[in-house]
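Good morning, and thank you for coming. Please look at the sequence and the model on the screen while I describe one ligand site and one arginine.

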Amino acid sequence: MLSVEEARERVLAAFDVLEAERVPVLEALGRVLAEDTVARVDIPPHDNSAMDGYAVRAADTVGASPQSPVPLRVIADLPAGYVAEAEVGSGAAIRIMTGAPIPAGADGVVRVEDTVSSGDWVEIAVSIQPGQFVRPAGEDVRRGDLVLPRGTLIRPQEVGMLAALGCAEVRVTRRPRVAILATGDELVPIDAPLTPGKIRDANSYSNAAQVIRCGGEPIMLGIARDQAEALSGRIRAGLAQGADLFLTSGGVSVGDFDIVKEVLAAEGQIGFWRVRMKPGKPLAFGHIGEVPVLGLPGNPVSAMVSFETFVRPAILKMLGATDREGMRVEATLVDALPHKDERRHYLRVRVAWEGGEVHAYLTGGQGSGILSSMVKANGLAIISEDWARVEAGTRVQVILL
Ligand code: AMP
Ligand code: MG
């Protein structure tokens, strides 16, 4: 049996970063930057006020207090978006709004709360230091900074930063196209009636949703019967649509009656592996023509967990993402695990923050066909292959879903 890491390394070796394209910044959400973004401006571009108040010379406020306020003459009003024409001389102040550029001559801001206004005069009731409530130019980003390196996943905050930098369009890696094919005589499409002996194809949809979540574009090839010609036909259709990766589910188990193995082997090069993990032990990997193929197991939870373990990192590699690890937390497993073998188990759990600790609860049956416990789960707890038993109270790492 291969370890998860060995299998993943072999899979990842088959993928390279895809080409880039330019898109409007909002369409870059969820995608990966294909270029370094260097700031061409300071943010903020000018020293500005952090408060509504009065721009003053700090030296004028020395000794000011509520008992002995210092009167200053108010020579102008400065809203955000405008530059003061007047200079703040000694004994003067400019009323200033948050975000307005600090006027020449001033070196600090007194908050409006620390003043009493009376006509053209303001009484300053505190002494301030130079720089008080001034946000200096470049405080957030300096011109020339590498703000967002290539490989950054673009989230809403990156979109905001790109907007602040004036990047209306950005270069991102194009979306990997992932062909998805379900196999099995027992499967019927989502909208077909369930006739005796049949079940609906869930995997095409859960896997396609996973593809979308990782920034790829699914190509839905439907269901192939367990019959060689049908399968070959579907595979060609997928290749014709320009797939960067071919995903199948079902028909890869040892001793399987299914035809998938035969056909994949006939159409290209394929290896059938047993990976030291549960669920998801059987995995097929190879190529059809130039296109890498991953054959996921058919059980709905196995197909999803194998996707998380092997396909997600492959898609992220094609995207050139720097960070290919999902978010993990450490938690205390509340339940014991009744059966443990020599494989790495991925348990469906719900993690919750309780009493100052993160707890992980099993969400139900852990059979590889039990999709409802996957639905209830917000994480996969990793149980090491080296552990013989798993007691309640064990500390585990949890991959957040
Ligand atoms: P297989 O690996 O083809 O032997 O399938 C293992 C189990 O997963 C069987 O119970 C199949 O009926 C089920 N299965 C296979 N493909 C799908 C699918 N696309 N959706 C739901 N269940 C599936
Ligand atoms: Mg099958």
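The space occupied by ligand 1 is the second largest pocket. A pocket here is an open set of points on a 1 Å grid over the protein atoms alone, with protein on both sides within 12 Å along at least five of seven lines; a molecule sits in it if more than half of its atoms lie within 2 Å of its grid points. This is a predicted model, in which local features need pLDDT of at least 70, side-chain atom pairs count only at pLDDT 80 or more, and totals for chains, interfaces and linings use all residues. Residues are numbered from 1 along each chain as written, chains are lettered from A and ligands numbered from 1 in written order, and side-chain values use heavy atoms, without hydrogens and water.

Which residues are the closest to ligand 1? They are Glu186, Asp201, Ala202, Gly251 and Gly298, among 18 that surround the ligand, that is, with a heavy atom within 4 Å of it.

Let us turn to polar contacts, meaning pairs of N or O atoms within 3.5 Å. A nitrogen atom of ligand 1 lies 2.8 Å from a side-chain N or O atom of Asp201. A ligand nitrogen is also 3.2 Å from a polar backbone atom of Gly298, and an oxygen atom of ligand 1 is 3.2 Å from a backbone N or O atom of Asn299.

Finally, Arg343 counts as buried because its relative accessibility is 12%, and buried means under 20% with a 1.4 Å probe, protein chains only. Its side chain reaches the backbone oxygen of Met277 at 3.2 Å.

Definitions and conventions:
Polar contact = N/O pair within 3.5 Å; in protein donor to acceptor, adjacent residues only side chain to side chain. 1 Å grid on protein atoms, 1.4 Å probe; cavity = no way out; pocket = protein on both sides within 12 Å on 5 of 7 lines; lining within 4 Å. Buried < 20%, exposed > 50% of the residue type's maximum accessible area, 1.4 Å probe, protein only.
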